[in-house]
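Colleague: Please take a close look at one part of this structure, the metal site, and then say what you can about the rest.

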Amino acid sequence: MALTMTPVRPEDSARLAQLCASCHGPHGHSDSPMYPRLDGQTPEYLRTQLKAFREHGRGETDARTHMWGVASRLDDAAIQALAAYYARQTATPGAAGAPELMDKGRAIFEKGVPDSGVPACASCHGAQAQGAGAFPRLAGQHQAYLLRQIEVFRNRSRGNSPVMSAVAHDLSYDDARAVAAYLQSR
Ligand code: HEC
Ligand code: HEC
């Protein structure tokens, strides 16, 4: 049964979000690194991901297990409302790690790893990792979730993202760990 929500009112989106809160937390602020934070994410990216779960274009194991079922219940209006709802929540920085790790992560984020052909993440994800349009916000996201995504881009199980598959392929594990730790703290 599709959840039809036309016309969508702000109070409907808060009610719809209760379907998601058991995993993604209140207002999309999840505490568990198993579940990505959704607060402050760009609405375009949220819409694209929800449609990709619904249409099975995003297929890593955790997506299949946790997101395919719930996304199959969302029609386009519900997706629109949920994306707008999470985009307007205020994101806050997560915990920081050791200073050397933060410095290393910041350098990768801002300048890339020229010797390995890794581009600066900031050039797409924004100077503050705040995201823009189709480029997701990474700031404040759980380190462990970010690392899992780099892995599923690398092994291409997430779906068709040539840009991120190439980035993930060239990023060493230590560099991925540093940049993910830095991003969590932003
Ligand atoms: C049973 C737990 C569960 C429920 C309920 C759930 N999700 Fe998820 N969701 C997950 C997991 C786990 C992932 C991460 C998948 C991965 O690691 O590959 C995820 C990923 C996502 C992503 C991708 C985030 C990103 O940064 O790429 C979005 C968007 C999302 N969920 C939205 C929702 C919405 C909206 C709802 C409610 C309609 C919802 N989820 C309900 C577990 C859940
Ligand atoms: C040329 C542009 C570009 C560059 C450079 C880039 N990204 Fe991305 N990134 C994207 C796009 C586009 C997506 C969304 C892919 C999708 O829709 O599946 C993405 C998605 C991601 C995700 C998944 C986020 C989520 O919420 O699931 C992570 C993690 C990520 N990028 C990390 C990085 C890191 C770390 C770097 C730098 C080492 C980087 N990206 C460099 C374009 C880029």
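Modeller: This is a predicted model, and the account starts at the metal. The iron atom of ligand 1 has two protein donors, His24 through NE2 and Met67 through SD, which lie 2.0 to 2.2 Å from the iron. Six donor atoms surround the iron atom of ligand 1, with angles of 85 to 178° among them, and the site is octahedral. His24 belongs to helix α2 (residues 18–24), while Met67 sits in the loop between α4 (61–66) and α5 (68–71), so the pair ties together parts that are 43 residues apart in sequence. Both donors fall under the 20% cut-off for buried residues: His24 has a relative accessible area of 9%, and Met67 has one of 16%.

Away from the iron, helix α11 (residues 173–184) can be checked for length. Its 12 residues, at 1.5 Å a residue, should span 16 Å, and the end C-alpha atoms are 16 Å apart, which agrees. Helix α11 is mostly covered, with nine of its 12 residues buried. Among them are Ala178, Val179, Tyr182 and Leu183, as well as Asp175 and Gln184. The buried residues of α11 pack against α7 (99–111) and α9 (143–154).

As for internal space, the count is one cavity of 30 Å³ or more. The largest cavity has a volume of about 50 Å³. Its lining includes Arg37, Asp39 and Gln41, together with Ala91 and the residues Arg137, Leu138, Ala139, Gly140 and Gln141.

Key. Residues are numbered from 1 along each chain as its sequence is written. Chains are lettered from A and ligands numbered from 1 in the order in which they are written. This is a predicted model: local features need pLDDT of at least 70, side-chain atom pairs count only at pLDDT 80 or more; totals for chains, interfaces and linings use all residues. Side-chain values use heavy atoms; hydrogens and water are left out. Donors are N, O and S atoms within 2.8 Å of the metal (3.2 Å for Na, K and Ca); water is not among the atoms, so sites may look incomplete. Four donors count as tetrahedral if all angles lie between 85 and 135 degrees; four count as square planar and six as octahedral if opposite donors are over 155 degrees apart and all others between 65 and 115; anything else is irregular. Helices (H or I, at least four residues) and strands (E, at least two) are DSSP runs, numbered from the N terminus. Buried means under 20% relative accessible area, exposed over 50%, partly exposed in between (1.4 Å probe, protein chains only). The expected span of a helix is 1.5 Å times one less than its number of residues. Contact means heavy atoms within 4.5 Å. On a 1 Å grid over the protein atoms alone, a cavity is a set of points where a 1.4 Å probe fits but cannot get out, and a pocket is an open set with protein on both sides within 12 Å along at least five of seven lines; lining residues have an atom within 4 Å of a point. Grid points are joined across faces, edges and corners, and a volume is the space filled by probe spheres set on the points.
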